[in-house]
Amino acid sequence: MKAALRVLLKLAQTASSTKNIAELLFCFDGVSEIPASAICWEQVTTDRLSARYAPLTRMARLFIEGATPDLTAGTGDGFAVLFDMNQLFEEYVGKQVQRITAERGLVTKLQSPKRHLALREGGAPCFELRPDIVVMDGGVHLSVIDTKWKRLKSNGTREDISSSDLYQMFAYAKQYQTACVILLYPHHLELGTWTPCRSSYRFREPGDSDESHTLHIASLPLDDLRSVRNHLKLMLDATTAALSRSWPGQVSLLHDSGVEPPPRR
């Protein structure tokens with residue numbers, strides 16, 4: 001166990017991991033230091049009293065020998081790492097959009113800026129809004145992107161987008177006063193050929209001016225991560241092209257994309 005902790009201490013990359021390993025090594029302070037090459041694994045056995053250490057012993061051997069668990073079934077024990085794909089997809093897309101917009105002189109904020117949907121009697125804000133991705137030019141919100149790790153349907157009514165997701169995007173459009181809100185899903189084969197924007201819907205109320213809010217439905221191919229940034233650039237260019245037409249006061253993201261923006265009305 002001590003030899004395995006020595007290996008892990010060299011591999012630790014965060015302060016919390018280093019601290020935890022150091023604390024465990026302190027528990028083994030009275031145990032002699034031996035090189036990994038001197039361990040006779042065939043002599044490492046457990047009995048009834050030490051059976052609970054057997055999984056740890058097998059795990060320690062993986063670390064010490066630098067072995068990699070295979071994806072196929074076998075006799076050895078291993079470990080699994082599980083990720084929250086909603087969070088992973090959101091953060092991955094957010095970081096990529098930040099890099100793209102930084103090249104264009106814009107700012108992208110993740111999980112901010114916060115807004116509130118309503119006020120209590122007395123004026124206290126409630127029902128917090130915190131969109132995944134907000135693209136900004138100064139104090140102007142150019143676009144709000146919300147990522148959804150869901151399987152978008154190719155032939156359903158409105159692609160079977162849930163009403164709750166639509167209400168959420170309507171709230172973002174109104175509270176952030178942006179002409180462009182985007183629901184972004186992972187692309188899959190059943191959706192057919194990828195396009196920068198699959199469909200668009202306009203949020204408009206009776207008496208609204210021409211400055212309406214548009215919801216874009218888009219998907220992102222993930223089979224080749226090297227192409228993700230290019231797909232996102234095409235998506236941003238396609239979904240924000242209407243900004244210079246409907247909202248002349250807002251800046252289009254097309255200014256360095258190589259695509260001529262549409263003429264303003």
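**Helix α4, buried polar residues and a pocket**

Trainee: Which residues of α4 are buried?
Mentor: This is a predicted model, in which local features need pLDDT of at least 70 and side-chain atom pairs count only at pLDDT 80 or more, while totals for chains, interfaces and linings use all residues. Residues are numbered from 1 along each chain as its sequence is written, and side-chain values use heavy atoms, with hydrogens and water left out. Buried means under 20% relative accessible area, exposed over 50%, and partly exposed in between (1.4 Å probe, protein chains only). By that rule the buried residues of α4 are Phe89, Glu90, Val93, Gly94, Gln96, Val97, Ile100 and Thr101.

Trainee: Which elements do the buried residues of α4 pack against?
Mentor: Helices (H or I, at least four residues) and strands (E, at least two) are DSSP runs, numbered from the N terminus. Contact means heavy atoms within 4.5 Å. The partners are the strands β1 (107–110), β4 (133–137), β5 (140–147), β6 (180–186) and β8 (213–220), together with the helix α6 (228–239).

Trainee: How far does α4 reach from its first C-alpha to its last?
Mentor: The helix spans residues 85–103, which is 19 residues. The expected span is 1.5 Å times one less than the number of residues. For α4 that gives 27 Å, and the model is close to it, with a reach of 27 Å.

Trainee: What lies at the two ends of α4, and what is the phi of the glycine that follows?
Mentor: At the start, a side-chain oxygen of aspartate 84 comes to within 3.1 Å of the backbone nitrogen of asparagine 86. After the helix comes glycine 105, with a positive phi near 75°.

Trainee: Is lysine 148 buried or exposed?
Mentor: Lysine 148 sits in the loop between β5 and α5 (163–175). Away from its sequence neighbours up to four places off, it touches residues including Phe89 of α4, Leu183 and Tyr185. Its relative accessibility is 12%, so lysine 148 counts as buried.

Trainee: Which side chains make polar contacts with that of lysine 148?
Mentor: A polar contact is a pair of N or O atoms within 3.5 Å; within protein, one must be able to donate a hydrogen and the other to accept it, and residues adjacent in sequence count only if both atoms are side-chain atoms. One contact, of 2.9 Å, is with aspartate 146. Another, also given as 2.9 Å, is with glutamine 168.

Trainee: How many disulfides are there in the whole structure?
Mentor: A disulfide is a pair of cysteine sulfur atoms within 2.5 Å. A search of the whole structure finds zero. For cysteine 180, the nearest cysteine sulfur, that of cysteine 197, is 8.4 Å away, and cysteine 180 is in no disulfide. The total is zero.

Trainee: Why does cysteine 180 count as buried, and what is the relative accessible area of cysteine 40?
Mentor: Cysteine 180 counts as buried because its relative accessibility is 2%. Cysteine 40 is partly exposed, with a relative accessible area of 35%.

Trainee: How far apart in space are threonine 214 and phenylalanine 203?
Mentor: Threonine 214 is in strand β8 and is buried at 14% relative accessibility. Its contacts beyond four places in sequence include Cys180, Tyr201 and Arg202. Phenylalanine 203 is 11 residues away in sequence, yet the C-alpha to C-alpha distance is 5.9 Å.

Trainee: What percentage of the residues in the chain is buried?
Mentor: The chain has seven helices and eight strands. Of its 265 residues, the buried share is 35%.
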